[in-house]
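Thanks for having me, everyone. Please bring the chain up on the screen, and we'll walk through it together.

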Amino acid sequence: MEPANHFLVLRRYWRLLAGCTVAALLIGLLLTPTGDTVDNGKWQCKVAITPVAGSGEAVRADQVLSYAGGSDVTTAAAKKLGVTDVAALAARRTVAAASTQMLTVSVIGPTQHNCAETAAAFAEAIINGYSQESAKSASESIKRLEAQAATQQEQVNKFQQQYSAARPADQPKLQPQLTAALASLTKTLTAISDLQNVSQTDAIQQWGSIDAKEVSGNLLSSPNRGVRLALAVVLGLALGVVAALMLSRMDTRVRTRNGTEEAFNLPVIGEIPQLSRRHRRLRDPLVVARPSDPGAEAFRSLRSTLLLTGPPSLAAQLAEGNLNPAELVSRRLAQPAPVILVMSGRSGDGRTTTVANLAAALAETGREVLVLDCDFRHPQAHEHFGVGGGPGMAELLSGEQLPELDDLIRRTNVDGVHLITGGNATAYPAALVLRAGEVLRRARRHADVVLIDSSPLLHANDAYDLVRHADAVLVTVRAGNVTPEQADRVSELLSRTGVPVAGVALLGTLGTSGRRNRDNLHAGADRPGAVPSQPAGPALRQLPAEEPVHRASPTWARRGQGPAAESAAGGHEGELR
């Protein structure tokens, strides 16, 4: 896909892009704290704690770990650091047993200095606190052992007195008791001495220096709220672009000129840009209300192309000067007005809008245009011309009221354009077109061009019944409203009627569709019966009446008519040559 087409896709799905961006922004607002936060996980510092040499089995790692995870250590560290939020400080540290004789305290902080200072405060709190607890426990044990030693001393004194008072023959019997009592006393006194040494020194100590390293600091983890919201917007926009491109790939509806010509097997003779909402609300046709608007110029270009590709009577130069009513009636009897049927495959294809603007554009060339609203299910032509409701085509075709055309033809707010409204259809719409041939024959005498607005071909049979009474057909399609299958069905139905199709008017384009392949563009010149290309212009010169020219219908308009039609077209080409 070319870059220009990518931009068209993004423009088409701008609501999806805006929705994804707004959704990402709202999620960012909800998940990001108000104001700029501090990234406490940017730096990580570790400090190791081991028992003091000589402590032996008096200090156990599990005991130190249990004490280090308590609230007393965090409170002491917070007091040293001057921090009031103890809970937040506790969330920044982790204590784990690296081995049976070593603990590791990990602390996170926004800066290296803050992280190292916090780790040192926790290490000091653990060492001092556990040492104090160990000294307190040792003091209690010393008191208990001193009381025990006093009791043991009394026993030793008692056994010594008994040993001294005994006869020499009885002393060997008392010697074991005295020795055991002395051994127990010595053991107790040794334990007291060890505990006194422990209480006088720290039980644990810091091992080595504090290990500090940077663990974060990129944009994705930035604590700045503005940066996070900007990243959320970029992410939402990127997701929207991806979603738009995927939807564009899955969407097979006809949107471009090339796609339209390939789907309908018909040439695109007019591309109407997408109209703004303000222009769509206009009460008058765009050609009249905004004459210089690009959309109005596109409808005029469609008119000029239709004059070249439509019936010869449509492109004929009108007589100069004003004709009196008798001369006008005489001319229209001799040269009945061509009937152009404007139809579409589906509703919403801009059929009525095209009829209104095409009628206004034809009226600018001096032609009298009569618009027949034959959309009996949803008649809307009167709204585009500022005409109120009332009897119209439904009453005329049913023959119930006002059978004369003059009684139904109404002036519009566009000079040179008259209208017969849809009327009030009481019968089944398909039954109203049975008298269409006679009505159209009479309508040809009241104008220079007759435009018919019909129902969608794929939704109703009215348009298909009216095709055989028309001199040419103009198909309208709105970009993105018809699938290739529906377009092919419309082309197939039209090919069976044998009525020349002027081409397709593509409405709602977002930009230029690009040129068709040059081989495809001029392929018709090599086929039998193809019409040679001619420069577009407002009108053709008047052809002498004694030299009638038979214009060969294009090959795509004769599809399905059989060899006879091809032979006839070849004969006409021979006359032209």
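I'll go from the whole chain to its sheets, then to one helix, one proline and the salt bridges.

Keep in mind that this is a predicted model. The chain has 577 residues, and 40% of them count as buried. Its secondary structure comes to 23 helices and 12 strands. The accessible surface is about 30,900 Å². Carbon and sulfur atoms make up 54% of that surface. Now take contacts between residues at least 6 apart in sequence: 81% of these join residues at least 24 apart.

On to the sheets. One is an open sheet of 4 strands, in the order β2-β3-β1-β4. Its pairing is antiparallel. Which strands stand at the edges? They are β2 and β4. Each has a single partner strand, so one side of each is left without a neighbour in the sheet. On average, neighbouring strands here are turned by 20° against each other, ignoring direction.

Look at one pair inside this sheet. Strand β1 covers residues 43-51, and 8 bridges join it to β4. The two run antiparallel. As a landmark, find Q44, which stands opposite K213 in β4. Then find helix α6, which lies across β1, β2, β3 and β4. Helix α6 runs at about 20° to β1.

Stay in this region for helix α3, residues 61-68. Which of its residues are buried? A61, V64, Y67 and A68 are. They cover an arc of only 130° around the axis, which puts them on the same side of α3. Here is the background: an α-helix has 3.6 residues a turn, so residues three or four places apart point the same way. And what covers the buried residues of α3? The cover includes helices α4 and α6, along with strands β2, β3 and β4.

A quick stop at P110. This proline is in the loop between β3 and α6. Buried or exposed? P110 falls in between: its relative accessible area is 22%, so it counts as partly exposed. Buried would need under 20%. Now compare sequence with space. P110 and W43 are 67 residues apart in sequence. Yet from C-alpha to C-alpha they are 6.0 Å apart.

Next, the other open sheet. This one has 8 strands, in the order β5-β12-β11-β6-β10-β7-β9-β8. Its pairing is mixed. The edges are β5, residues 268-273, and β8, residues 410-411. Each has a single partner strand, so one side of each lacks a neighbour in the sheet.

Within it, follow β6, residues 339-344, and β10, residues 449-453. They run parallel, joined by 4 bridges. V342 stands opposite D453 in β10. Helix α15, residues 351-363, packs on this sheet. Its contacts are with β6, β7, β9, β10, β11 and β12. The direction of α15 makes about 170° with that of β10. Helix α12, residues 294-309, lies across β5, β6, β11 and β12. That helix runs at about 170° to β5.

Last topic: charges. Side chains of opposite charge can pair when their charged atoms come close. The count here comes to 13 salt bridges. Let me show you three.

The side chains of E297 and R300 meet at 3.0 Å, N to O. Both residues lie in helix α12, 3 residues apart, about one turn of the helix. E297 is partly exposed, at 42% relative accessible area. R300 counts as buried, at 13%.

R303 and E364 form another salt bridge, at 3.6 Å, N to O. This pair links distant parts of the chain, 61 residues apart. R303 is in helix α12, while E364 is in the loop between α15 and β7. At 10% relative accessibility, R303 counts as buried. E364 is partly exposed, at 42%.

The third bridge joins R489 and E492, again with 3.6 Å from N to O. These two are 3 residues apart in helix α21, about one helical turn. R489 is partly exposed, with a relative accessible area of 36%. E492 is partly exposed too, at 27%.

One final point. Which residues do shared partners join into one network of salt bridges? E297, R300, R303 and E364. Thanks for listening.

How values were computed. Residues numbered from 1 in each chain as written. Predicted model: local features only at pLDDT ≥ 70, side-chain atom pairs only at ≥ 80, totals over all residues. Heavy atoms only, no water. Buried < 20%, exposed > 50% of the residue type's maximum accessible area, 1.4 Å probe, protein only. Contact = heavy atoms within 4.5 Å. Areas by Shrake-Rupley, 256 points an atom, 1.4 Å probe, with all protein chains shown as cover. Arc of directions from axis to C-beta. Pairing = 2+ DSSP bridges. Axes fitted to C-alpha atoms, helices over the stretch in contact; angles between N-to-C directions. Salt bridge = Lys/Arg side-chain N within 4 Å of Asp/Glu carboxyl O.
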